Amino acid sequence: MKKRLALLLIPMLAIIVSLGFVVQPTRANTDTTKNTAQTTGDTANKTKDTVQSTDKAATPQDTNILTEENAGQAKDMEKATSQAADAAQDIAQTKKSTKKSTAPSPKDIVTFKDQKLANDVRAQLGLKKGDAITESALTPLTFIFTRGVSDLSGLEYAKNLSLLEAPDGKISNLSPLKGLKNLQTLNLAGNKITDISALTQMSNLTMANLADNPVNFNTGSAASKTLQALVGKGVNVYHDDMVQLTTERVTKDSITVAWNIDQSDGMPHLGALTLNGEQVKSFDVFKQAQSEYTFTGLKEGQTYDIGLSMSFNLTQSDYQITKTLHVKAEDVQPKQQVTVTPNIGGNTATIGHFNGDAVKQNGTLAIDLKNYKEDQVNVQLTAEQIKTLQDKKAAVQINKGDSTVSIPTELFGSGQDVTVEVDKQKPVIDALSSVYDFTIKTATGTISKFKQPVTLTFSVDPSKVNNPDNVKVWYYNPSTKKWESIGGTYKDGVVTAQTYHFSTYTVFEKAQKSSSSVTGSSSHSGSTTKAAAGNGAGNQLPNTATHTMNFIALGTLLVILASVCLWFQRRKQKA
């Protein structure tokens, strides 16, 4: 019985404590009223005592007079008490209204999704960390400097903002800036911006730095049209594609490079050329119209890193756009290649503001991806770029460092954009080179068979080569699930071969058999199925199959048979 009572008392006790917490705030809020009432009661009691003592001391003749006087005094006292209570109530009400007026309305508070941006705005406005930022507080804000932010939400209320610097972050959405009619200078270099359409709604914009952003400025793209509209309004737009660096002439001991700057977008003031990281020449763009330079005294056969840096004088500091080429000093025929460094966004490589005049007749446009470390890259070419190259019967070469693929542009067709997918696969046993899968895609489908040969090159380690005559390029045939040779030639650590279809390719050193050799003019199907890597199924190398699985299966069967015999033997003994 005691346990039941205890169990009943526990929830009752909890309810009482809860009610105590609920009543307590009300009690605290009525302290002033109670004190006033108590004061009034004390005054009334004193008045009563005075009246009673007067009644005892007065004579019967003075009773009426004293009573009237006491009554008047009591009324006066009551009136004074009432006035005091009213005054106290007025003071409390004034304090309450004052408190309400000083606290900002939730409707006026501006929400910043990026707390770093919010703190930088507070610092600019002289607010403390954690203070609410209101729309009215943002009215006098005319400039803001921040770095490494990811969201600009909240700045749409800074109607008088004229300068915004927010480089080196993860900003991708510019919509909060749409309504900022007073914004003049914008530095968003080094972010994740792909859509720049919001810039057209900034009527007073004079400069926008969009360098080092994955914006596709290819001819005909939405960003390219927006750029043209901005330049037409007199806006200086800085971006990576405004500087182009190409090779003009190459000999065994010299390399000539040329550069082009789209001065309609913005004008740099300083330039510098480097060779293998060392500065060779600096120049003032305003004073020198030079756009070509020849490096001499080079060593034949050596590859050189040539860099061009252009400095732009922006708001608070200079900003540089750098282009790099990797060129081998060797005698090159007049149809030499022109090398460009593409813009990388994710795993997509694009070429913006393409200068078709730099490519010679029957020449090659080399797309340099040696410094791109990811396994997969999609190289995009627009229909306009392809037509320019086709008019000169030029080829497109994609250079990943350990392999290259050279494609005649006639294979791309006409009137459509093209994507060349270069996908590095997992290593294959006994392969001397990296393993690559190549695919050409258009809006109408995949181009798998070629009327003209496509040239492939693979780099191999010369120390692993025993017989150069047996070092060939092989492709994986998904129909037979075997690697088949397409031939090729080996020289100085590079294997070169031609193919009339795309698949997965690598290099093996294997004595050739007439039944397994496939020449470049083969009519094999151009399947783009990727080969399994390593020891996976279907990854059958020439004459490298083993019987490991057969031995495992046989051993398992023997164990089962032995177990069955043992069981029968024990049963027989028991019987």
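**View A. Backbone at G234, just after helix α6**. In this predicted model, G234 adopts a positive phi of about 90 degrees. The residue lies just after α6, a helix that spans residues 222–232.

**View B. Buried side of helix α6**. Within α6 (residues 222–232), the residues A223, S224, T226, L227 and L230 are buried. These residues lie on the same side of α6, because they cover an arc of only 160 degrees around the axis. An α-helix has 3.6 residues a turn, so residues three or four places apart point the same way. The buried residues of α6 pack against β5.

**View C. Exposed side of helix α6**. On the other side of α6, the residues A222, K225, Q228 and G232 are exposed. The buried residues of the helix, among them L227 and L230, pack against strand β5.

**View D. The open parallel sheet**. The sheet is built from 5 strands in the order β1-β2-β3-β4-β5, and their pairing is parallel. Strands β1 (143–145) and β5 (236–238) form the edges, each pairing on one side only. On average, neighbouring strands of this sheet are turned by 5 degrees against each other, direction ignored. The edge strand β5 is also the element against which the buried residues of α6 pack.

**View E. Pairing of strands β3 and β4**. Strand β3 (residues 185–187) and strand β4 (residues 207–209) are paired in the parallel sense over 3 bridges. T185 has M207 as its bridge partner in β4.

Technical notes: Residues are numbered from 1 along each chain as its sequence is written. This is a predicted model: local features need pLDDT of at least 70, side-chain atom pairs count only at pLDDT 80 or more; totals for chains, interfaces and linings use all residues. Side-chain values use heavy atoms; hydrogens and water are left out. Two strands pair if DSSP finds at least two bridges between them. Helices (H or I, at least four residues) and strands (E, at least two) are DSSP runs, numbered from the N terminus. Axes are lines fitted to C-alpha atoms, for helices over the stretch in contact, and angles run from 0 to 180 degrees between N-to-C directions. Buried means under 20% relative accessible area, exposed over 50%, partly exposed in between (1.4 Å probe, protein chains only). The arc is that of the directions from the helix axis to the C-beta atoms. Contact means heavy atoms within 4.5 Å.
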